[in-house]
Amino acid sequence: MSRNRPGYGLLFCFALAACGGGTPDPGTAPAPSPSDTPAAPPAATPSDEPSTLDGVYTVAQAERGLEVFQNICSECHQTEEWTEDRFLARWDGESVFRFWYFIYERMPHGSPPYSLPRQTVTDVVTYIFQLNGLPPGSEELGTDDESIDDYWLRWGTALP
């Protein structure tokens, strides 16, 4: 058996390198073990994102929404429906866009889909926010898909 076979020397070098052969440099710390490495931050969740608790509508907008409710929605709905625990639980954590679109597509009952103007839907949505004690802000909630979709529905302390 010859000790000069090709590959054995190379194999020895790889083994020595894998074991960290030689004396460690006193100026470097050992690599942390997986248990020492902090976990990556969790992915963003709806609670980390901008929400209705951030003041996403104005008082004037909610007042227009009250007019919409009185003139259109009150034919079929009572104000209390929008503050009931079941309603709040159904929509908490959903995107504002999903809630907005639900109204836009289906209301008023018996009318063709999308029959309300976008501004009307947005205004009545902000009235629902106000009914549930969500704080107003300094800017109106937009009417375009992109700005409506920026927020998550959070009722805050309104939930039991």
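Reader: How many salt bridges does the count come to?

Author: This is a predicted model. A salt bridge here needs a side-chain nitrogen of Lys or Arg within 4 Å of a carboxyl oxygen of Asp or Glu. By this rule the count comes to 7.

Reader: Which residue meets Arg64 in a salt bridge and lies in helix α5?

Author: Arg64 itself lies in helix α2. Its partner is 59 residues apart from it in sequence, so the pair ties together separate parts. The closest approach, N to O, is 2.9 Å, and the partner is Asp123.

Reader: Is Asp123 buried or exposed?

Author: Buried means under 20% relative accessible area. Asp123 has a relative accessible area of 4%. Arg64, by its 29%, is partly exposed. Asp123 is buried.

Reader: Which residues do salt bridges that share partners join into one network?

Author: Arg64 has a salt bridge with Asp123. Arg64 also has one with Glu140, where the closest N and O atoms are 2.9 Å apart. Glu140 lies in the loop between α5 and α6, so this pair ties together parts 76 residues apart in sequence. The network joins Arg64, Asp123 and Glu140.

Reader: Which residue in helix α6 meets Arg118 in a salt bridge?

Author: Arg118 lies in helix α5, 27 residues apart from its partner. Arg118 is partly exposed, at 27% relative accessible area. The side chains meet at 2.4 Å, N to O, and the partner is Asp145.

Reader: How many residues of α5 are buried?

Author: Helix α5 runs over residues 118-131 and has 14 residues. The buried ones include Val121, Val124, Tyr127 and Phe129. What covers the buried residues includes α2, α3, α4 and α6. The helix is mostly covered, and the buried count is 10 of 14.

Reader: How far does α5 reach from its first C-alpha to its last?

Author: The expected span, at 1.5 Å a residue, is 20 Å. The reach of α5 is close to that value. From first C-alpha to last, α5 reaches 20 Å.

Reader: Which helix gives the largest share of the lining of the largest pocket?

Author: About 280 Å³ of space lies in this pocket. Of its 17 lining residues, those closest to the centre are Cys73, His77, Trp82, Ile103 and Met107. α3, α4 and α5 each supply at least two lining residues. The largest share, 3 residues, comes from α4.

Reader: How many residues of the lining of the largest pocket are nonpolar?

Author: The lining divides into three kinds. Charged residues number 1 and polar residues 2. The nonpolar residues number 14.

Methods: Residues numbered from 1 in each chain as written. Predicted model: local features only at pLDDT ≥ 70, side-chain atom pairs only at ≥ 80, totals over all residues. Heavy atoms only, no water. Helix = DSSP H or I, 4+ residues; strand = E, 2+ residues; numbered from the N terminus. Expected span 1.5 Å × (residues − 1). Buried < 20%, exposed > 50% of the residue type's maximum accessible area, 1.4 Å probe, protein only. Contact = heavy atoms within 4.5 Å. 1 Å grid on protein atoms, 1.4 Å probe; cavity = no way out; pocket = protein on both sides within 12 Å on 5 of 7 lines; lining within 4 Å. Points joined across faces, edges and corners; volume = space filled by probe spheres on them. Nonpolar A, V, L, I, M, F, W, Y, C, P; charged D, E, K, R; others polar.
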